[in-house]
Amino acid sequence: MSMITAAQWVPRGFAAPFPQKYKLDESEFERIAELAKLQLDDAEEDLKEAQDNGEGEDEEHENGAGDDEMKDDTESGAQTTVNLDDEDLKKYNLDDYDDEDAEAQQNVGETKGLSMFGNLKSLAFYGSNEEDPYITLKEDDDAEDQEDLQILATDNLILSAKVEDELAHLEVYVYEDEGDNLYVHHDILLPAIPLAVEWLDMPVSNNGAPKADKGNFVAIGTMDPDIEIWDLDTVDCMYPNAILGAGANPDAQKSKKKKKKGKKMNDEYHVDSVLSLAANRQHRNLLASASADKTVKLWDLNTTTCAKSYAYHTDKVCSLAWHNTEATILLSGSYDRTVVAADMRAPDAKAPRWGVESDVENVRWNPHDSNYFFVSTENGLVHYYDVRNAPAKPENTKSVWTLQAHDQAVSSFDINPTIPGFMITGSTDRTVKLWNIQETGPSMVVSRNLDVGKVFAASFAPDSEVSFRVAVAGSTGSMHVWDTSTNASVRKLFADRVPKQIEGEELVEDKLVGVEDDESSSSDEEEEEGIPIGSDDEEDDEDEESEEDDDDAMEG
């Protein structure tokens, strides 16, 4: 099994040109030792609890069945002693097996406590090959490694939360637009299945280290209640730079057993899976998280503590989005089939609430008009709401327009931050669709099956130079970057909105960039259904029919 559950672009200019390899110094060792001790203490408590629970069963088993077992052994004549005079055993000299050799004791001498490693006094350790006098040929491996890890200023990073067999990790892709190249730069092992990824532009640490003005970090929400924060400019890290939740607090860790049993909501940390993360781009130290424990929590990244907890919903909260201009307004969507736009400064105030017909999948503000927001649902609909027209009751909600975008859940969608009216939707029906949002509503431009399986991530690049690039990933575990500007229909509709980006370019074939894979997934399932994957004929037919389908797709 291999799948990508979430993905996000990193803007250009934030990644270090030469990421550093992880180094274990004294302070880092102390930090890791403390984290490891918390995990070890937790494991010992689990073992002790299991032994205590099984002690009663063992006593009953011994009292009830012990006499019978002894009787059976006696009747069967089982041998319980070993004859050391046997000719085959004499050659092993088992009588003196436990005696230590006097000569070995003399050689060990004062290093008796380190006998497992032998005599360490004659060994010397050098910090690098340059310091070792016995190495005459100095290798230049560091320079080669630095060159392999180099990230250019024109490169984009794409963060991919991936599950492969029983391994969960974050893959950091590098996308070279000029060379049409996409490859995995490095990866980060995760403790549980990742569900949410959010890029951070400021350093975060639990140890209170001085904060720099700029950083390249990532917050990851998983099936565990803790949120891990990693440094993207350091390769081969062993532990996260910071943990938001009970895992970072020894006192809270002690009450973990009660948390597991009761899963009682509290104001300090989540007690269930983290389903969504949203970083505030204006107040950079604020990170919002949504959880299956029905709460939304606001974290202060300067102190790595929970500043406030909110309970606006009665079911799992699955999606969050900060307002583009009003930096304290947070949009949240839930499985209770409601969407709330709340001011984080007034937790006790009644927040406006909109109702939808099924479970919410994603929420987004319109980056080109902050008075409107989008909501996608489990039954394939996309709603467009005016925040100024909040209903008195959720059941009386009226949308500006409603689009039946897919036959199944709209698991991911995005609004182009540079090109007005350009929307992409991805669904569990395995298709990706591009839409032109007009005043009267959206019209489909093109529909494609990019052979990524069920689509779980579809997002536009954040930089204007690559504004037509789309990252798409899904249940097959593959990541593709689609240059939508090479599609004739897209160029025709959006060329006048960004003329400087495609002026003078020649019309080329549809361009899709992916990672080479020796065991690339086949499209047998789609071929059995008679659907050619990403064929030009299919795309041209859908382009011609898109205008006819607009009226059928619109509702309201």
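Mentor: Two strands are said to pair if DSSP finds at least two bridges between them, and strands themselves (E, at least two residues), like helices (H or I, at least four residues), are DSSP runs numbered from the N terminus. The model before you is predicted, with local features needing pLDDT of at least 70, side-chain atom pairs counting only at pLDDT 80 or more, and totals for chains, interfaces and linings using all residues. Residues are numbered from 1 along each chain as its sequence is written, and side-chain values use heavy atoms, with hydrogens and water left out.

Trainee: How many helices and strands does the protein have?

Mentor: The protein has ten helices and 31 strands. Four of these strands form an open sheet in the order S11-S12-S13-S14, with antiparallel pairing.

Trainee: What makes strand S11 and strand S14 the edge strands?

Mentor: Each of them, S11 (274-279) and S14 (305-310), pairs on one side only.

Trainee: How do you know that S13 and S14 pair?

Mentor: The definition asks for at least two bridges, and S13 (residues 296-300) shares five bridges with S14, in the antiparallel sense; therefore the two strands count as paired. Within this pairing, valine 296 stands opposite tyrosine 310 in S14.

Trainee: What joins S25 to S26, and how do these strands pair?

Mentor: A hairpin joins S25 to S26 through two residues, and the strands pair in the antiparallel sense over seven bridges, with glutamine 438 having glycine 441 in S26 as its bridge partner. On another side of the story, S25 also pairs with S24 (residues 422-426), in the antiparallel sense over five bridges, and isoleucine 424 stands opposite leucine 434 in S25. The hairpin of S24 and S25 has five residues between the strands, and arginine 430 takes a positive phi near 80° there.

Trainee: Why is aspartate 165 called exposed, and aspartate 451 buried?

Mentor: Buried means under 20% relative accessible area, exposed means over 50%, and partly exposed lies in between, with a 1.4 Å probe and protein chains only. Aspartate 165 has a relative accessible area of 55%, so it is exposed, whereas aspartate 451, with 18%, is therefore buried.

Trainee: Where do these two residues lie, and what is phi at each of them?

Mentor: Aspartate 165 is in the loop between strand S3 (155-164) and strand S4 (167-176), and its phi is near 55°. Aspartate 451 lies in the loop between S26 and S27, with a positive phi of about 60°. Most residues other than glycine have a negative phi.

Trainee: What makes S25 mostly covered?

Mentor: Six of the seven residues of S25 (residues 432-438) are buried, while for the protein buried residues make up 46% of the 556 residues.

Trainee: What makes a set of residues a nonpolar core, and which residues have the most contacts inside the largest one?

Mentor: Such a core is a set of buried Ala, Val, Leu, Ile, Met, Phe, Trp, Tyr and Cys residues joined through side-chain atoms within 4.5 Å. The largest one has 20 residues, and those with the most contacts inside it are Leu200, Ile229, Leu287 and Leu301. Its largest share, three residues, comes from S11.

Trainee: Which residues is leucine 200 in contact with?

Mentor: Contact means heavy atoms within 4.5 Å. Leaving aside neighbours within four places in sequence, leucine 200 has contacts that include Phe217, Val218, Ile229, Leu287 and Leu301.
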